[in-house]
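This report describes a single protein chain, beginning with its aromatic residues and then turning to the chain as a whole. Please consult the sequence and the structure shown below while reading.

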Amino acid sequence: MEKITLHHLQTMKESGERITMLTAYDYPTALLLDQSEIEVILVGDSLGMVVHGFENTLPVTMDMMVMHCQAVRRGVKRAFLIGDMPFMSYQVSIEEAKRNAARLVAEGGMDAVKLEGGRPVVETVRALVEIGIAVQGHIGLTPQSVGQLGGFKVQGRTVEAARRLLDDAKALEAAGAFSLVLEAIPARLAEWITRSIHIPTFGIGAGAGCSGQVLVTHDVLGLFDRFTPKFVKPYANLSQTMRTAFEGYKQDVKAGTFPAEEHTFTISDDVWQAIERDQDDKGD
Ligand code: KIV
């Protein structure tokens with residue numbers, strides 16, 4: 001099984017083969033995604049919401065990211081692995097950004113890091129690329145700026161906003177980003193951006209004209225029912241499957257039908273009689 005590299009991703013964009021990317025935050029999910037030959041796995045800071053139950057991604061820390069990256073790394077042999085830089089891990093200074101990105105790569109075992117923003121983060125992207133760290137950009141709806149954006153809203157719907165996003169995409173490419181996530185922007189704009197730059201784009205709520213697609217795995221599995229954005233297609237209803245399993249277990253335990261014979265360990269009659277004799281001898 002050949003390891004997916006930056007070279008593969010670039011070649012896929014050039015040949016028009018669409019690239020698949022999903023998120024993982026733990027070992028078993030990473031293992032299953034890799035067995036399913038998903039090409040890119042993102043340890044996204046969305047874990048703050050779908051695993052840790054926060055309202056948004058802002059409380060996620062570097063230590064949380066490193067721990068989840070390590071768990072995912074252990075499950076993956078083939079996929080290209082990207083670790084998300086959490087809020088305030090790259091905004092304060094380029095020095096801090098370098099140190100934190102290096103942690104995701106060195107301690108977390110990631111092949112690349114992702115950070116949100118357009119031209120304001122271009123110098124940071126350039127600095128990380130210069131020290132040998134592969135960087136994925138993320139523009140459009142950038143969840144770490146949810147307060148400033150006024151909620152999880154579609155971006156790039158005016159002439160100025162669309163032009164800004166195209167300029168951001170070109171600036172990130174020029175700074176050395178190897179790919180971009182385009183989140184919640186009109187499909188025509190995403191296709192235009194994808195045609196205007198050489199590096200692959202990964203759309204999430206950005207239509208089918210991107211080089212690849214990304215979704216949050218909990219949304220794909222129907223495992224996060226607080227809200228489902230319009231751009232999500234659930235491929236399973238694991239919430240229901242899990243509830244049914246938990247309720248079945250509860251019923252069986254209450255009824256005394258679990259554990260049954262086949263879940264139970266035995267001891268030979270000889271040994272058991274010896275134990276009973278031993279107890280009797282002690283007068284217990
Ligand atoms: O954190 C995340 O999972 C992401 C994807 C939605 C692209 O940034």
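## Aromatic pairs

A residue is called buried when its relative accessible area is under 20%, exposed when that area is over 50%, and partly exposed in between. The model described here is predicted. Phe 80 has a relative accessible area of 4% and is therefore buried. Phe 178, at 11%, is likewise counted as buried.

The structure contains four aromatic pairs. In one of them, the ring centres of Phe 80 and Phe 178 are 5.6 Å apart and the ring planes meet at 70°, so the arrangement is edge-to-face. This pair joins distant parts of the chain, since its members are 98 residues apart: Phe 80 belongs to strand S3 (residues 80–84), while Phe 178 sits in the loop between helix H8 (159–175) and strand S6 (179–183).

A second edge-to-face pair is formed by Phe 224 and Phe 227, so classed because the ring centres are 5.8 Å apart and the planes stand at 75°. Phe 224 is buried, with a relative accessible area of 11%, whereas Phe 227 is partly exposed at 36%. Ring pairs also bring Phe 152 into a cluster with Phe 224 and Phe 227.

## Overall form of the chain

The protein chain comprises 12 helices and eight strands. Its radius of gyration is 24 Å, well over the 19 Å that the globule rule gives for 284 residues, so the chain is more spread out than a compact globule. Along the principal axes, the C-alpha atoms occupy a box of roughly 90 × 40 × 40 Å.

Of the 284 residues in the chain, 46% are buried. When contacts between residues at least 6 apart in sequence are considered, 59% of them join residues at least 24 apart.

## Surface and charge

The accessible surface of the protein chain amounts to about 15,100 Å², and carbon and sulfur atoms account for 55% of that area. The chain carries 28 positive and 37 negative side chains. The centres of these two sets are separated by 12 Å.

## Surroundings of Ser 179 and Ala 134

Which residues does Ser 179 contact, leaving aside its neighbours within four places in sequence? The contacts are Val 135, Gln 136, Gly 137, Ile 199, Pro 200 and Phe 202. Ser 179 is part of strand S6 and has a relative accessibility of 0%, so it counts as buried. Its C-alpha atom is 8.6 Å from that of Gln 10, although the two residues are 169 apart along the chain.

Ala 134 is located in strand S5 (residues 134–140). With a relative accessibility of 15%, Ala 134 is also buried. Setting aside residues up to four places away in sequence, Ala 134 touches Leu 6, Asp 111, Ala 112, Val 113 and Phe 178. By contrast, the C-alpha atoms of Ala 134 and Tyr 235 are 31 Å apart, with these positions 101 residues apart in sequence numbering.

## Backbone features

Most residues other than glycine have a negative phi, and most peptide bonds are trans. Met 88 has a phi near 70°, a positive value in a residue other than glycine. Met 88 is placed in the loop between S3 and helix H5 (94–106), and its relative accessible area of 42% makes it partly exposed.

Ala 184 also has a positive phi, near 50°. This residue lies in the loop between S6 and helix H9 (187–196) and is buried, with a relative accessibility of 7%.

The peptide bond leading from Phe 258 to Pro 259 is cis, its omega being near 0°. Pro 259 is found in the loop between H11 and helix H12 (269–281).

## An exposed phenylalanine in H11

Is Phe 246 buried or exposed? Phe 246 has a relative accessible area of 53% and so counts as exposed. It is situated in helix H11 (residues 238–255). The C-alpha atoms of Phe 246 and Gly 109 are 34 Å apart in space, and the two residues are 137 apart in sequence.

How values were computed:
Residues are numbered from 1 along each chain as its sequence is written. This is a predicted model: local features need pLDDT of at least 70, side-chain atom pairs count only at pLDDT 80 or more; totals for chains, interfaces and linings use all residues. Side-chain values use heavy atoms; hydrogens and water are left out. Helices (H or I, at least four residues) and strands (E, at least two) are DSSP runs, numbered from the N terminus. The radius of gyration is taken over C-alpha atoms; the globule rule is 2.2 Å times the number of residues to the power 0.38. Buried means under 20% relative accessible area, exposed over 50%, partly exposed in between (1.4 Å probe, protein chains only). Contact means heavy atoms within 4.5 Å. Accessible areas come from the Shrake-Rupley method with a 1.4 Å probe; for residues, only the protein chains shown count as cover. Lys and Arg count as positive and Asp and Glu as negative; His and the chain ends are not counted. The place of a charge is taken as NZ of Lys, CZ of Arg, CG of Asp or CD of Glu. Rings of Phe, Tyr and Trp (its six-membered ring) pair if their centres lie within 6.5 Å; planes under 30 degrees apart count as stacked, over 60 as edge-to-face and the rest as tilted.
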